[in-house]
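User: I'm new to this one and would like to talk about its charged side chains. Could you take me through them step by step?
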Amino acid sequence: MMRFSNADDVYTFLNLYLNFERKAEPTEYRLDRMHALHRDFGMPDRAYRIIHVAGSKGKGSTSAMLASILQQAGHRVGLFTSPHFLSFTERIMINQEPVGLNVLIPAAQELAAYMDGKSEAYFPGGENPTYFELLTILGFLCFRKAACDIVVVEVGLGGRLDSTNVVQPELCAITPIELEHTELLGDTIAKIAMEKAGIMKKGIPVFTNAKKPEALAVFRTRAQELGCALHELDALAAILDVHIDTKGTSFTLSMRDGTAADTSYRCAMIGSVQAHNASLAILMARSLGIAEQAIQDGLLQAQLRARFEIVDTQPTVVLDGAHTEDSITACVSEFKKLFPLGGVLLFGCAKDKNPSTMAHALAAIFSDVIITRPGTFKESDLPVIEKAFSACGFHTQVLADTQSAVQQA
């Protein structure tokens, strides 16, 4: 059996198993192996309360905000998110800190001991668990060992067949729906919404800030079938006076039924869209009875990497992980407001993304682009990206080495 002394050892162990995150090709997702793991480990997630969050965009920010609010209310809070940037331990957060070795190592040893000696034949379908399935169980074990009393779980991909969809939450949330991962989730908003709605459980309240009518129609139908109370942000509240600056976002939340006074909020994340993510987190927190001061403080403390993150100021460097047309359009809009003189674009994407769509949106503010590989985790097709940006009138440079590209930018 493997023995672990640090987080890298654990990550190496997890990557012995099939990692769909590295693949650009369509893949079949299934839950039977995850149900087996869940059962064999005694359903570790039943040791704490759970809030389950799905959606195409904003689910990570909403999850981080709600976790921060719950922490400010005095809870010991777990947060399970993806992807990570520097260490996979960022996916398993406890009170806004990556899981420590004192929790991670014994949980990983328990997982390794379980996997030791088991052949593929042991598992449903005659296939070993995947990287993400093992990571999900590892997260659940860590939260139990860390004595978390409430955990916010972000869906990895989709919802219905995502590895996290073995939990029994007390609240669910579904953020806005976009066309994404169409080869896996479907080629229409309605089909993708149905996959996301797969996290809904009988009688469990659902909150959403989705806007597209096709998605809302799916959620309403599914909520009626399951007897779920569906709380739609736009039907319940208006978001007023949104203002962004380089330190965050401020806005006013006005309840349409007058049940609460208009309240001003500020969050540390930058972007008009963050006002909508924060408002969803606020409604969920209020439903849980969280005090107003904890909500205010939690929004100010919440952070998530690469969401219009200003990582340096000499010169100013903005890091953003947007990769769909809607999210890049929103990113460009915020960039225009804060940096109207423009800047230099440093761009990289995996080969399963659509660089033409992104280039078209980015052309509204940028004219120069340095194209590079987004690390080595996924394959990237630089000639295809360069062609897409050239077709949109960009002056392009291609530097495959990411460090060199950063320096050139």
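Analyst: Gladly, and one definition comes before anything else: a salt bridge is a side-chain nitrogen of Lys or Arg within 4 Å of a carboxyl oxygen of Asp or Glu. Please keep in mind that this is a predicted model.

User: OK, how many salt bridges are there in the whole structure?
Analyst: Searching the whole structure turns up 21 salt bridges.

User: Which residue does R220 pair with?
Analyst: The side chain of R220 forms a salt bridge with that of E232, with 2.8 Å from N to O. Because R220 sits in helix α8 (residues 213-226) while E232 belongs to strand β8 (residues 230-232), the pair ties together parts that are twelve residues apart in sequence.

User: And is E232 buried or exposed?
Analyst: E232 counts as buried, since its relative accessibility is 15% and the cut-off for buried is under 20%. Its partner R220, at 44%, counts as partly exposed.

User: What about E309, what does that side chain meet?
Analyst: E309 meets R305 in a salt bridge, where the N to O distance is 2.9 Å. E309 counts as buried at 19% relative accessibility, whereas R305 counts as partly exposed at 33%.

User: Switching to R39 and D40, how far is it from N to O there?
Analyst: The N to O distance is 3.4 Å in the salt bridge between the side chains of R39 and D40. R39 counts as exposed, with 52% relative accessibility, and D40 counts as partly exposed, with 30%.

User: Last one: which residues are linked in a network of salt bridges?
Analyst: Such a network links R30, D32, R33, E127 and E133.

Terms used:
Residues are numbered from 1 along each chain as its sequence is written. This is a predicted model: local features need pLDDT of at least 70, side-chain atom pairs count only at pLDDT 80 or more; totals for chains, interfaces and linings use all residues. Side-chain values use heavy atoms; hydrogens and water are left out. Buried means under 20% relative accessible area, exposed over 50%, partly exposed in between (1.4 Å probe, protein chains only). Helices (H or I, at least four residues) and strands (E, at least two) are DSSP runs, numbered from the N terminus.
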